[in-house]
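Good morning, colleagues. I would like to take a few minutes to go through one structure with you, and I ask that you keep it in view as I speak.

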Amino acid sequence: MVEQNDWEHFHSRDELPEELLSAEKLSNLHSQHPLEKIRSNLLIGIVVGIATTLVYLIILYYFDQWLIRAPLLIVLGFNLFILRSSLLLHSSISNTGLHEQNLLQELSQHRSAIKKWWKIQEQFSLFVYPFAVAAGFLAGGILGSGDRELTFIQQREMLILLGTAILILTPLCFFSARYIFRYYYGQHLSTIEKNIESLRSMSD
């Protein structure tokens with residue numbers, strides 16, 4: 001009888017490391033959670049977006065030419081759209097507590113939301129960047145030449161320069177934005193995906 005109790009006691013202690021390992025994994029997922037870093041980076045991006053919006057408003061006030069204001073309004077609208085979506089994403093991450101019971105589901109939802117948030121920005125940016133380049137080119141032309149009537153844009157050479165600037169700077173801005181996203185969010189998204197795989201393996 002004593003031997004049987006000793007064996008049961010030994011067997012229960014043998015199962016303990018696995019339980020502790022699972023608890024430790026869950027603890028690490030909470031204490032070093034990449035969502036906190038993503039939320040922090042989103043807040044930085046929101047502050048930068050607000051400052052950029054103010055700059056656009058100043059430029060709109062300074063330049064009264066419709067050839068500059070029209071594309072700038074498109075860029076401003078895109079910037080406000082990004083701000084709104086970033087605020088909503090930041091709020092959804094802030095207001096959702098992570099619980100062990102549905103941690104896997106919540107991580108998966110956040111991962112999908114972050115990827116969707118960026119994918120939409122990428123798709124719209126290809127349409128918006130040419131307008132941003134055009135507005136910047138025309139504003140620079142006015143500041144450089146003092147020609148507020150924009151007569152310089154009627155020159156064939158200027159039209160070629162404008163087209164060249166759009167063709168070069170649009171993909172440059174696109175891939176630069178992609179690099180920035182991967183730098184500030186890509187590593188943390190990879191960590192989330194690893195955590196999801198760990199939780200799935202623990203639940204199997």
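Let me begin with Glu36, which is partly exposed, with a relative accessible area of 45%. Please bear in mind that this is a predicted model. Glu36 is joined to Arg39 by a salt bridge, in which the closest N and O atoms are 2.9 Å apart. Both residues belong to helix α2, and they sit three residues apart, about one turn of the helix. Arg39 is likewise partly exposed, its relative accessible area being 26%.

How many salt bridges does the structure hold? There are three. As a general matter, side chains of opposite charge can pair when their charged atoms come close.

A further bridge is that of Lys115 with Glu193, where the closest N and O atoms lie 2.8 Å apart. This pair links distant parts of the chain, since Lys115 is in helix α4 and Glu193 in helix α5, residues 156-203, with the two positions 78 residues apart in the numbering. Lys115 has a relative accessible area of 41% and is partly exposed; Glu193, at 27%, also counts as partly exposed.

Arg178 and Glu122 form another bridge, again with 2.8 Å between the closest N and O atoms. Arg178 lies in helix α5 and Glu122 in helix α4, so this pair ties together parts that are 56 residues apart in sequence. Is each partner buried or partly exposed? Arg178 counts as partly exposed at 25% relative accessibility, whereas Glu122, at 9%, counts as buried. The cut-off for buried is under 20%.

I turn now to the packing of helices α2 and α4. Helix α2 spans residues 34-62 and helix α4 residues 103-145; their axes come within 14 Å and cross at roughly 25°. Angles under 35 degrees count as roughly parallel, and α2 and α4 are therefore roughly parallel to each other. Their crossing is left-handed.

Which residues meet there? From α2 come Leu35, Ile38, Leu42 and Tyr62, and from α4 come Leu107, His110, Ile114, Trp117 and Leu143. Sorted by class, this contact comprises eight nonpolar residues, one polar residue and no charged residues.

Finally, consider Asn41, which is also located in helix α2. Asn41 is buried, with a relative accessible area of 15%. Leaving aside residues up to four places away in sequence, Asn41 touches Tyr184, Tyr185 and His188.

Thank you for your attention.

Key: Residues numbered from 1 in each chain as written. Predicted model: local features only at pLDDT ≥ 70, side-chain atom pairs only at ≥ 80, totals over all residues. Heavy atoms only, no water. Axes fitted to C-alpha atoms, helices over the stretch in contact; angles between N-to-C directions. Helix = DSSP H or I, 4+ residues; strand = E, 2+ residues; numbered from the N terminus. Parallel < 35°, antiparallel > 145°, perpendicular 65-115°, else oblique. Left-handed = near helix turned anticlockwise from the far one by under 90°. Contact = heavy atoms within 4.5 Å. Nonpolar A, V, L, I, M, F, W, Y, C, P; charged D, E, K, R; others polar. Buried < 20%, exposed > 50% of the residue type's maximum accessible area, 1.4 Å probe, protein only. Salt bridge = Lys/Arg side-chain N within 4 Å of Asp/Glu carboxyl O.
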